[in-house]
Amino acid sequence: PGLGKLCFAGNLPEDLKCDAAKAGIDCLGFVKPFDFFSDIRMLIHPSVSESMPNAIIEALGFGIPVLAN
């Protein structure tokens, strides 16, 4: 199998969506947690302002490895 595909979930400003599309990254917008976490193999969560985001807790609840700063 391949390495997978990078995608953004959640709201992004339009300029970032355009940059992501040019780089071949899918922008999913709002996602339902169960559907999203059932389909991913790893969560990368960069954040400089959130100390313990729900997305990390939810991913860990699904047994998904998390890379966060």
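This briefing walks through the aromatic pairs, the nonpolar core, a buried histidine, the salt bridges and the cysteines of the structure above. Please keep in mind that the model is predicted. A search of the whole structure turns up three aromatic pairs and two salt bridges, while the number of disulfides is zero.

**Aromatic rings**

- Phe34, Phe36, Phe37 and Phe62 are linked into a cluster by ring pairs.
- A pair of aromatic rings is described by two quantities, the distance of the centres and the angle of the planes.
- For phenylalanine 36 and phenylalanine 37 the ring centres are 5.2 Å apart and the planes stand at 70°, so this pair is edge-to-face. The angle qualifies because edge-to-face pairs have planes over 60 degrees apart.
- Phenylalanine 36 is buried, with a relative accessibility of 13%.
- Phenylalanine 37 is buried as well, at 5% relative accessibility.

**The largest nonpolar core**

- Seven residues make up the largest nonpolar core: Phe36, Phe37, Ile40, Leu43, Ile56, Ala59 and Ile64.
- Helix H2 (33-39) and helix H3 (54-61) are the elements that give two or more residues to this core.
- Phe36 and Phe37 thus deserve a second look: both belong to the ring cluster, and both are also listed in the core.
- Setting aside residues up to four places away in sequence, phenylalanine 37 touches Ala55, Glu58, Ala59, Phe62 and Ile64. Among these contacts, Ala59 and Ile64 are members of the core, and Phe62 is part of the ring cluster.

**Histidine 45**

- You will find histidine 45 in strand S3 (residues 43-45).
- Histidine 45 has a relative accessibility of 15% and therefore counts as buried, since the cut-off for buried is under 20%.
- Not counting neighbours within four places in sequence, histidine 45 is in contact with Glu50, Pro53, Ala55, Ile56, Leu67, Ala68 and Asn69.
- Ala55 is a contact of histidine 45 and is also touched by phenylalanine 37. Ile56, another contact of histidine 45, is one of the core residues.

**Salt bridges**

- One salt bridge joins the side chains of lysine 5 and aspartate 26, with an N to O distance of 4.0 Å.
- Lysine 5 sits in the segment before strand S1 (7-8) and aspartate 26 in strand S2 (residues 26-27), so this pair ties together parts that are 21 residues apart in sequence.
- Lysine 5 is exposed, with a relative accessible area of 53%, whereas aspartate 26 is partly exposed at 37% relative accessibility.
- Another salt bridge brings together the side chains of lysine 17 and glutamate 14, at 3.3 Å from N to O.
- Both lysine 17 and glutamate 14 lie in helix H1 (residues 14-22), where they are three residues apart, about one turn of the helix.
- Lysine 17 is partly exposed, at 32% relative accessibility, and glutamate 14 is exposed, at 54%.

**Cysteines**

- Why does cysteine 7 have no bond to the closest cysteine sulfur? That sulfur, in cysteine 27, is 8.9 Å away, which is too far for a bond.
- Cysteine 18 also has its closest cysteine sulfur in cysteine 27, at 8.9 Å, and that is too far for a bond. A disulfide would need the two sulfur atoms within 2.5 Å.
- Cysteine 7 is partly exposed at 28% relative accessibility, and cysteine 18 is partly exposed at 43%.

Key
Residues numbered from 1 in each chain as written. Predicted model: local features only at pLDDT ≥ 70, side-chain atom pairs only at ≥ 80, totals over all residues. Heavy atoms only, no water. Phe/Tyr/Trp six-rings, centres within 6.5 Å; stacked < 30°, edge-to-face > 60°. Buried < 20%, exposed > 50% of the residue type's maximum accessible area, 1.4 Å probe, protein only. Core = buried A, V, L, I, M, F, W, Y, C linked by side-chain atoms within 4.5 Å. Helix = DSSP H or I, 4+ residues; strand = E, 2+ residues; numbered from the N terminus. Contact = heavy atoms within 4.5 Å.
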